[in-house]
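Grab a pencil and let's work through some exercises on empty space inside a protein. Each one has a task, then a solution in steps.

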Amino acid sequence: MRKNLLWVVLPLAGALFYSCATQPETEQEEQEVYSGWPTYAGSKAGNRYSSNEQITPENVDQLEIAWRYSTGDKDPENHSQIQCNPIIVDGLLYGTSPFLKLFALDAATGEQKWLFDPATAGINPDGNMAWFHQINRGVVYWESAGGDEKRILYSVGPRLFAVNAEDGSLIESFGKGGSIDLSVGLDREGTEDAYIAGTTPGVIYKDLLIMGMRVTEDGDAAPGHIRAFDVRTGERRWIFHTIPHPGEKGYDTWEDPDAWQKIGGANSWAGMSLDEERGIVYVPTGTAGPDFYGGVRKGQNLFANSLLALDAATGNYIWHYQVVHHDLWDRDLPANPNLVTINKDGKQIDAVAQITKHGYIFMFNRNTGEPIFPIEEKPVPINGLPGEKVWPTQPIPTLPEPFARHKFEEEDVSDLTPETHQQMLEKYRQVQHKEMFYPPSKEGSWIFPGYDGGGEWGGAAVDPESGIMYVNSSELPWILTMMDVPEEAGKDLSVKGIGKTVYNKYCISCHGTGLKGNGTSIPDLANLSGRMNEEQVNSIIASGRNMMPAFRQIPESERVALIAFLLNTEDKEAHAKLELAKEVGGAEADNIAGPKNIIGDIPYVSTGYHRFLDKNGYPGIKPPWGTMNAVDLNSGKLLWKVPLGEYEELTRKGIPPTGTENYGGPLVTKGGLVFIAATKDEKIRAFDKKTGKVRWEAKLPAAGYATPATYSLNGRQYVVIACGGGKIGSPSGDQYIAFALPESMK
């Protein structure tokens, strides 16, 4: 056994000092607030906490399956997922399926009460099921003051539906026939053709649903403005422009005075949190498009990569903090913030804590935005690509301590075997730039933690009694390399040549110059004709699939040419279809090789999303590859760090558990446990929240790339997890599994 693998699970000394913050005034108040799971992340504070304490470290090993529910609609080709964190209200569990059907179950038995299929709601007239290979992380429940109206609001791609919570019928008085189109009402022309999806549920404030959305991450992105909709009518009640319009705060942080008309992104795809008493909604935002070249969006780029505090009733600005200036590394804020009360220097402070992809926790006073711990602006390299204007500093919190590693030197390269070490060391040396925040370059640089964290959309759990945060982290380096947009673009006027130009414009940054993808989440397109026909490819381009957005903005004529290139169609046949598309599309379609948006102004693109993996698919860095962490938000100290997940074949060889890349988040209970699935080994685990010791684990039918929920019903505590798989090469699943102690132990 190698000495360098002996890091394995010793809790840090700080775990002995289990600090205490404010507690709810009464036990009854605590039970009322935290015993159920009525919203995404457990509460509007986003803390993934439950006061249920029936399941404890002493009896958790007695957990058994209480019920299982199969949605019956997983993709047999393993492309579908379930990322849903279900909610439980009045004894009913509400969740979504891989094809985004909405269902209600008896939360005690798993018996289906009703099912709503969005395919029957008139938005899928052609049977295009690729539309439903989208992501949905949860739903929203609302009821009127008298309780006579009860609604579930949830998103399918760009459509936001209102469904009767009692019987699953569509509420046709909402919007147009029961839904609204999120691509409408963004205060910019042309967004109706842009890719927009409501992946993470919003939050309810009185009779408002406050929403963010997912957009593309390139030069064709829609603006990511934050909106509030009337829960009864679907009418837009307010909008906050995250890319400010003339005269608005932050407008002068963009050098181009017309940025608001053509730059997109700065969107909140990760969810948000609400302080109902103060009437403040806290909104994290992502990068402005395009992700890796900012020469077309020079300036600080407010309000991208920021934590925003907005008046929940009006959308008016209160304060903000930008976590990454002029982002060039895809450092979106990846999860809803946590609203906490901490004890600092003998004072109780209501704070908001925001995790990041690069493994930091930023903490602020909820009222003022003043940092709880000092944040230093540190100089970073500024020698970017020609035309780029790199921001010279980036903010680094002095505390809390990071929950992810940042150092990746030669001595950190994997040495599972001498052969592996040598191979990965050679690859490591090919990447020239090692420093965090090194500007994107043609020589390559490390993104560590990777594009998917560090922290990710699963978010963090916080115990309000102790002020301790529990957060999982992936610790896998990725490689960022830039290249010139291929010079041949626009020169070959054959149909397939034009299609290659379209590919270079929209597809090359993910699928690469050789169409090879990355071997996991981004598929190989080099031999696509052997797997798909023209109709199937067209369907996916138009509607998206999994994490690939829809490209509705591509004109039909360009789409025909792109399909001809991807399928290597005979030019004569493709030419006839192209002419027909141009005839239907009108004269504007004649110049299809020319730029239609800011994409045509971008001179450099990424070569793709490349994980640093060895030939067996293991990360090329020494373990841990995935961790579970406890951070005391009162002191800012990291209390313990343990591996999350394992590769059983390595464990059998005597290698301590390494952890795995992980997707989905934790929940923490008053009973003393942290529950989390998230791992590639298809298990769910319970950790002792004081020590980090694994107290229980169970194999799932498919990986639980979601956040579990817990609730108490009829005197029995349940823990439920969606088992959807489908990411990073995992088989897809279609089950929800609920665990509980035996009836005899109630």
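Before we start, a cavity here is a set of grid points where a 1.4 Å probe fits but cannot get out, and its volume is the space filled by probe spheres set on those points. Keep in mind that this is a predicted model.

**Exercise 1.** Work out how many cavities of 30 Å³ or more there are, and what volume the second largest cavity has.

*Solution.* Start with the count: four cavities reach 30 Å³ or more. Now go for volume. The largest cavity comes out at about 70 Å³, and the second largest at about 60 Å³.

**Exercise 2.** Find out what lines the largest cavity, and which strand gives the most to that lining.

*Solution.* First, look around the centre: of the 15 lining residues, G138, L153, Y154, S155 and P201 sit closest to it. Next, check the strands. Both β8 (150-156) and β13 (208-211) supply at least two lining residues, but β8 gives the most, with three. Last, sort by type: eight nonpolar, seven polar and no charged residues.

**Exercise 3.** Now do the lining of the second largest cavity: how do its residues divide into nonpolar, polar and charged?

*Solution.* Begin at the centre again. This cavity has 13 lining residues, and the closest to its centre are G455, E456, N472, N662 and G664. Then the strands: β28 (residues 468-474) gives the most to this lining, with three residues. Finally, the tally is three nonpolar, nine polar and one charged. Glu counts as charged, so E456, being among the lining residues, is that one charged residue.

Key. Residues are numbered from 1 along each chain as its sequence is written. This is a predicted model: local features need pLDDT of at least 70, side-chain atom pairs count only at pLDDT 80 or more; totals for chains, interfaces and linings use all residues. Side-chain values use heavy atoms; hydrogens and water are left out. On a 1 Å grid over the protein atoms alone, a cavity is a set of points where a 1.4 Å probe fits but cannot get out, and a pocket is an open set with protein on both sides within 12 Å along at least five of seven lines; lining residues have an atom within 4 Å of a point. Helices (H or I, at least four residues) and strands (E, at least two) are DSSP runs, numbered from the N terminus.
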